[in-house]
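Biologist: Could you take me on a close look at one part of this protein, the nonpolar core, and then show me how the rest of the chain sits around that part? I would enjoy one connected account.

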Amino acid sequence: MFSARWQIDAKFGHKQTVLDMMRQWEREVGSQVGIADLKFQIMTGSIGAHESRIESHHEVESLAQLEAFFAKLGKIEAHAKWGKALEPFVVSGTNVWEIYRIVE
C-alpha cells in the first residue's frame, strides 16, 4: 500500500482560492479517474509546515494502480485546463509528488 502525495504552495493571500480549485478538481476531474477509490484527502500546513502548503493524498494499493491513475488523468482535457487556471495562484516550482510506502 502506498500514499501518493502531491504538494503545492499557494501564493500569499490565495490559499482559499487554491483550496476551492482543489475541491473543483475533485468533483470535475477526480470523479472521472476513480478518486473515490483512493481515499483522497486535501490537507494544509498547520504546525511545523508552511502555512501556504496544500497537499492531496491518494492511497493506492500498488504502483500499477498509481500508473493507471496517471494514464487516465493525462487524457482528460479538463485536467489540463484546470492546471492552467490554477497556475496564477501557486508559487512556481513548488509542485512535488512524493510516494510513501504504508507500513502496516
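Modeller: Happily; here is a walk from the whole chain to the core and then to one loop residue.

This is a predicted model, in which local features need pLDDT of at least 70, side-chain atom pairs count only at pLDDT 80 or more, and totals for chains, interfaces and linings use all residues. Residues are numbered from 1 along each chain as its sequence is written, and side-chain values use heavy atoms, with hydrogens and water left out.

Let me start with the frame. The protein chain has three helices and four strands, where helices (H or I, at least four residues) and strands (E, at least two) are DSSP runs numbered from the N terminus. Their order from the N terminus is β-α-β-β-α-α-β. The radius of gyration is 14 Å, close to the 13 Å of the globule rule for 104 residues, so the chain is as compact as a globular protein of that length; the radius is taken over C-alpha atoms, and the rule is 2.2 Å times the number of residues to the power 0.38. Of the contacts (heavy atoms within 4.5 Å) between residues at least 6 apart in sequence, 75% join residues at least 24 apart. Buried residues account for 36% of the 104; buried means under 20% relative accessible area, exposed over 50%, and partly exposed in between (1.4 Å probe, protein chains only).

Now to your core. A nonpolar core is a set of buried Ala, Val, Leu, Ile, Met, Phe, Trp, Tyr and Cys residues joined through side-chain atoms within 4.5 Å. The largest one here has 25 residues, and Val18, Trp25, Ile54, Phe69 and Leu86 have the most contacts inside it. At least two core residues come from each of strand E1 (2-9), helix H1 (15-28), strand E3 (53-60), helix H2 (63-73) and helix H3 (77-86). H1 gives the most, with five residues. For a closer view, take Leu86: leaving aside neighbours within four places in sequence, Leu86 touches Trp6, Ile8, Val18 and Met21.

Ile8 also leads us to a loop. Thr94 lies between H3 and strand E4 (96-101) and, beyond neighbours within four places in sequence, is in contact with Gln7, Ile8 and Asp9. Thr94 is buried, at a relative accessible area of 16%. Ala36, by contrast, is 26 Å from Thr94, C-alpha to C-alpha, and 58 residues away in sequence.
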